[in-house]
Amino acid sequence: MRAAVLYGFNEPFKVETIELKDPQQGEVLVKMGASGVCHSDLSIQRGILPMMPPIIIGHEGAGTVEAVGAGVTSVKKGDHVVLTWLYSCGHCRDCGRGKPHLCDTAAMATMSGGMYDGTTRFKVGGTDMRHWVGSFSEYTVVPEQAVVPIRPDVPLESACLVGCGVMTGVGAAMNTAKVEPGDHVAVYGCGGVGLNVIQGAALCGAEKVIAVDLVDNKLKMAQQFGATHTVNPKSGDATEQIKALTDGKGVDYAFEVIGNVNVIQDAFNAVRRGGKLVIVGVPQIGLSISLPAFSFPLEEKGVIGSYYGSPRFRYDMPRILDLYMAKRLKLDELVSRKLPLDQINTAMEIMEKGEGARSVIQY
Ligand SMILES: [Zn+2]
Ligand SMILES: [Zn+2]
């Protein structure tokens with residue numbers, strides 16, 4: 001079997017033959033069907049996210065269960081699954097309150113690039129190799145908690161997107177903000193995740209969904225995903241344009257999906273009284289924001305963060321796929337290219353140039 005190995009920052013991936021150990025107690029061997037290529041993969045390659053090569057990555061995957069280790073009861077050989085990129089433990093305080101994305105065990109396992117016990121399952125050239133999810137590999141081993149069984153009639157190349165970008169975007173609107181029917185929403189940044197915030201807000205019944213982006217093509221795409229209005233800051237101050245569309249009041253929720261501190265500060269000004277700014281984009285570590293403090297008590301404005309779309313994995317991922325099968329939510333329109341694993345570096349280059357919505361690796 002083969003996998004794309006990242007040996008060093010800013011180096012291309014090398015597709016190599018790998019060995020994979022059998023799944024251990026509580027683990028699942030997955031034959032990958034498809035993997036989205038996410039911007040976070042590029043951030044790891046560029047050394048922006050704290051994950052050290054050499055490593056096998058890829059974290060937006062869907063596949064078929066090939067074998068299970070001892071004690072695994074929730075999936076069996078042949079089941080179709082989406083992989084989550086956090087290995088939540090399932091029984092800590094945060095998991096217990098329905099916030100598995102905040103699980104400490106998940107954070108530790110994710111950062112270490114190993115399994116819960118810190119050991120590895122991959123070997124390349126006889127040497128142990130760490131992995132994070134490992135959807136850029138024909139097969140991977142992950143903890144049972146990281147596989148979500150899904151209905152078998154969803155094509156895996158569509159289902160994989162729910163593993164990261166779609167969950168993050170749709171979840172920000174449905175779970176984190178809990179957008180209500182009639183709400184007014186603005187979404188800053190109409191890339192892959194932004195489009196999903198837009199369709200999530202539309203699904204929740206938002207009356208106005210205002211897409212904000214500097215690129216007209218992206219605004220056009222945003223309309224396909226449910227944006228009712230578009231704002232290009234090149235043609236005038238975004239806050240003023242948003243207020244003009246909302247009786248001078250601003251929006252109930254402004255989602256920042258870029259990770260730019262200046263845009264975050266601007267977006268706060270487009271939030272109406274009682275509304276919230278939701279930060280979805282990940283700013284560079286160490287940066288701070290400055291906001292008018294009086295707006296918190298006197299206008300009841302607030303700021304919240306959204307991580308991975310505040311998911312309850314085994315509830316949200318299947319229901320998103322049900323909505324897709326019912327044609328209420330778009331997945332395939334997010335995909336601009338399907339490529340084999342050998343072309344992983346091409347997929348990364350395309351993403352870095354900002355061309356197309358998303359590439360999917362097909363196995
Ligand atoms: Zn991702
Ligand atoms: Zn936990």
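Before I turn to the helix, let me say that buried here means under 20% relative accessible area, and that the model we are looking at is a predicted one.

With that in mind, in helix H9, which spans residues 261-269, the buried residues are Val-261, Val-263, Ile-264, Ala-267 and Phe-268. Seen down the axis of H9, these buried residues fall within an arc of 155°, so they line one face of the helix. In general, an α-helix has 3.6 residues a turn, so residues three or four places apart point the same way. The partners against which the buried residues of H9 pack include strand S12 (184-188), strand S15 (251-256) and helix H10 (295-299). At the start of H9, a side-chain oxygen of Asn-260 comes to within 2.8 Å of the backbone nitrogen of Asn-262, and, over the face of Phe-268, we find Lys-301 at 4.3 Å from the ring centre.

Next, the metal site. The zinc ion, ligand 1, is coordinated by Cys-38 through SG, His-59 through NE2 and Cys-164 through SG, at 2.0 to 2.2 Å. Cys-38 counts as buried because its relative accessibility is 7%, and His-59, with a relative accessible area of 0%, is buried as well.

Finally, the aromatic rings, where ring pairs link Trp-85, Trp-132, Tyr-307, Tyr-308 and Phe-313 into a cluster. Trp-85 and Trp-132 are both buried. Their ring centres lie 6.0 Å apart with the planes at 70°, so this pair is edge-to-face. The rings of Trp-85 and Tyr-308, by contrast, have their centres 3.9 Å apart and their planes at 5°, so that pair is stacked; it joins residues 223 apart in the chain.

Notes:
Residues numbered from 1 in each chain as written. Chains lettered and ligands numbered in written order. Predicted model: local features only at pLDDT ≥ 70, side-chain atom pairs only at ≥ 80, totals over all residues. Heavy atoms only, no water. Buried < 20%, exposed > 50% of the residue type's maximum accessible area, 1.4 Å probe, protein only. Helix = DSSP H or I, 4+ residues; strand = E, 2+ residues; numbered from the N terminus. Arc of directions from axis to C-beta. Contact = heavy atoms within 4.5 Å. Polar contact = N/O pair within 3.5 Å; in protein donor to acceptor, adjacent residues only side chain to side chain. Donors = N, O, S within 2.8 Å, 3.2 Å for Na, K, Ca; no water. Phe/Tyr/Trp six-rings, centres within 6.5 Å; stacked < 30°, edge-to-face > 60°. Lys NZ or Arg CZ within 6 Å of the ring centre and 35° of its normal.
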